[in-house]
Amino acid sequence: MAVKSTSNLIPLCHPLPITKIKVDFKISQELNKIETYCTVECDYKTGIEMEAMTGATVSLLTIYDMCKAVDKKMIISNCKVIEKLGGKSGDFKID
């Protein structure tokens, strides 16, 4: 639901006709670390990276909220767009 609320949270973002939302987690018990990946798709002429970033960060905030009783020292960091296809500015991918 956070992805669909992006336009209410971030100025200049407008509601988009989202067709797919997928959130995946990679958990490393050895490193005491959780990585989240949010994929968002829509059939529209603009990019949806802000929606994906909102989904990723809110999923980590949710984990923080559920785990803060055990450890308040958790850090949310390195939030970034890994790949974006389409939109006015075209494709983008981190190497």
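Thr6 is buried in this predicted model, with a relative accessible area of 0%. This follows from the cut-off, because a residue counts as buried when its relative accessible area is under 20%. Thr6 belongs to helix H1, which covers residues 6–9. Its side chain comes within 2.8 Å of the backbone oxygen of Val3. Once neighbours within four places in sequence are set aside, the residues in contact with Thr6 are Cys13, Met50, Glu51 and Thr54. Of these partners, Met50, Glu51 and Thr54 fall within the residue range of helix H2 (49–67).

**Overall layout**

The protein chain holds two helices and four strands. Along the sequence these elements follow the pattern α-β-β-α-β-β. The C-alpha atoms occupy a box of roughly 45 × 30 × 20 Å along the principal axes. The chain has 95 residues, and 22% of them count as buried. Among contacts with a separation of 6 or more, 41% are between residues 24 or more positions apart.

**The loop between H1 and S1**

Two residues described here, Leu12 and His14, lie in the loop between H1 and S1. Leu12 is not a glycine, yet its phi is positive, at about 75°. Leu12 is also exposed, with a relative accessible area of 87%. His14 is partly exposed, at 37%. Not counting residues up to four places away in sequence, His14 touches Ser7, Tyr44, Thr46 and Glu51. Glu51 is thus named as a partner of His14 and also as a partner of Thr6.

**The S1–S2 hairpin**

Strand S1 (residues 18–28) and strand S2 (residues 33–42) run antiparallel and are joined by 10 bridges. Two of the pairings can be given by residue. Lys26 has Glu35 of S2 as its bridge partner, and Val23 stands opposite Cys38, also in S2. In a regular strand, side chains alternate between the two faces of the sheet.

Four residues lie between the two strands of the hairpin. Asn32 is placed in this loop between S1 and S2. Asn32 has a positive phi near 55° and is a residue other than glycine. At 70% relative accessibility, Asn32 counts as exposed, because that value is over the 50% cut-off.

The table sets out relative accessible area for the residues treated in this report.

| Residue | Place | Relative accessible area |
|---|---|---|
| Thr6 | helix H1 | 0%, buried |
| Leu12 | loop between H1 and S1 | 87%, exposed |
| His14 | loop between H1 and S1 | 37%, partly exposed |
| Asn32 | loop between S1 and S2 | 70%, exposed |
| Leu60 | helix H2 | 17%, buried |

**The largest pocket**

The largest pocket contains about 1,400 Å³ of space. Its lining is made up of 41 residues, and those closest to the pocket centre are Glu35, Thr36, Tyr37, Ala56 and Leu60. Glu35 is the S2 residue named above as the bridge partner of Lys26.

At least two lining residues come from each of S1, S2, helix H2 (49–67) and strand S3 (83–84). S2 gives the most, with 10 residues. By residue class, the lining of the largest pocket divides into 23 nonpolar, 10 polar and eight charged residues.

**Leu60**

Leu60 is one of the residues closest to the centre of the largest pocket, and its place is in helix H2. Its relative accessibility is 17%, so Leu60 counts as buried under the 20% cut-off. Apart from neighbours within four places in sequence, Leu60 is in contact with Ile34, Thr36 and Ile76. Thr36, one of these partners, is likewise listed among the residues closest to the pocket centre. Ile34 and Thr36 fall within the residue range of strand S2 (residues 33–42), whereas Leu60 is in H2. Leu60 and Lys80 are 20 residues apart along the chain, and their C-alpha atoms are separated by 13 Å.

Terms used:
Residues numbered from 1 in each chain as written. Predicted model: local features only at pLDDT ≥ 70, side-chain atom pairs only at ≥ 80, totals over all residues. Heavy atoms only, no water. Pairing = 2+ DSSP bridges. Buried < 20%, exposed > 50% of the residue type's maximum accessible area, 1.4 Å probe, protein only. Polar contact = N/O pair within 3.5 Å; in protein donor to acceptor, adjacent residues only side chain to side chain. Contact = heavy atoms within 4.5 Å. 1 Å grid on protein atoms, 1.4 Å probe; cavity = no way out; pocket = protein on both sides within 12 Å on 5 of 7 lines; lining within 4 Å. Points joined across faces, edges and corners; volume = space filled by probe spheres on them. Nonpolar A, V, L, I, M, F, W, Y, C, P; charged D, E, K, R; others polar.
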